[in-house]
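This report concerns charged side chains and the pairs they form. Please consult the sequence and the structure shown below while reading.

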Amino acid sequence: MAAVHASCVVVGEDGILIRGASGSGKSTLVRDLLGLGAISGLFAALVADDRVALTQRHGRLVAAPHPALPGLLELRGLGLQAVEPAVPSAVLRLVVDLAEGAPRMPETAQETVLLHGVALPRTILSPGPGRAGTVLWRWRRLRVMMMTD
């Protein structure tokens, strides 16, 4: 098991790992994804915030919360907040990296990332509004691709 500085949400049955520097908006993106999922009629739940435990199992990467932080989301100005729904783990299907100066048109090599020996689709996003919608768009596209493979 490896702990990483990140957050994780599950949408449908798919874990989405959100990485970025401190203050980059990981927790805010989680909050927005939970809200947008609820509005869209999608199951969306918190897996972990701030620290995520990653374990490789059967060729998949499973995310779980740090034992001290299950079900808690840190929001600036509000501190730690209990969140429902929260789930104990999720299989990762997408990595979102929050970065200043994200590429407008990413190169093919940037669209995947290798984490603990598992290749995962990756999206790089700049700070700003609309990120949750972009993440859900990418997630939906990946679901369509998985169903046609």
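The following paragraphs describe the salt bridges of this predicted model, with attention to one aspartate and its partners.

**Aspartate 97 and its surroundings**

Aspartate 97 is located in strand β8, which spans residues 90-98. Is this residue buried or exposed? Its relative accessibility is 7%, and because the limit for a buried residue is under 20%, aspartate 97 counts as buried. Leaving aside residues up to four places away in sequence, aspartate 97 touches Arg19, Arg122, Thr123, Ile124 and Leu125. Two of these neighbours, Arg19 and Arg122, are also salt-bridge partners of aspartate 97.

**Salt bridges**

How many salt bridges does the count come to? The count is 5. Among them are the pairs tabulated here, each with the separation of its closest N and O atoms.

| Pair | Closest N and O atoms |
|---|---|
| Aspartate 97 and arginine 19 | 2.6 Å |
| Arginine 31 and aspartate 32 | 2.8 Å |
| Arginine 122 and aspartate 97 | 2.6 Å |

Aspartate 97 forms a salt bridge with arginine 19. Arginine 19 belongs to strand β2 (residues 14-20) and aspartate 97 to strand β8, so this pair ties together parts that are 78 residues apart in sequence. As to solvent accessibility, arginine 19 counts as partly exposed at 22% relative accessibility, whereas aspartate 97 counts as buried at 7%.

Arginine 122 likewise forms a salt bridge with aspartate 97. This pair links distant parts of the chain, with arginine 122 in strand β10 (residues 118-125) and aspartate 97 in strand β8, 25 residues apart. The side chains of aspartate 97 and arginine 122 are also joined by a polar contact of 2.6 Å.

The salt bridge of arginine 31 is with aspartate 32. Arginine 31 has a relative accessible area of 41% and is partly exposed. Aspartate 32, with a relative accessible area of 32%, is partly exposed.

**A linked network**

Which residues are linked in a network of salt bridges? Such a network connects Asp14, Arg93 and Arg143.

**Summary**

In this predicted model, the buried aspartate 97 of strand β8 forms salt bridges with arginine 19 and with arginine 122. Arginine 31 forms a salt bridge with aspartate 32, and Asp14, Arg93 and Arg143 are linked in a network.

Methods. Residues are numbered from 1 along each chain as its sequence is written. This is a predicted model: local features need pLDDT of at least 70, side-chain atom pairs count only at pLDDT 80 or more; totals for chains, interfaces and linings use all residues. Side-chain values use heavy atoms; hydrogens and water are left out. Helices (H or I, at least four residues) and strands (E, at least two) are DSSP runs, numbered from the N terminus. Buried means under 20% relative accessible area, exposed over 50%, partly exposed in between (1.4 Å probe, protein chains only). A polar contact is a pair of N or O atoms within 3.5 Å; within protein, one must be able to donate a hydrogen and the other to accept it, and residues adjacent in sequence count only if both atoms are side-chain atoms. Contact means heavy atoms within 4.5 Å. A salt bridge is a side-chain nitrogen of Lys or Arg within 4 Å of a carboxyl oxygen of Asp or Glu.
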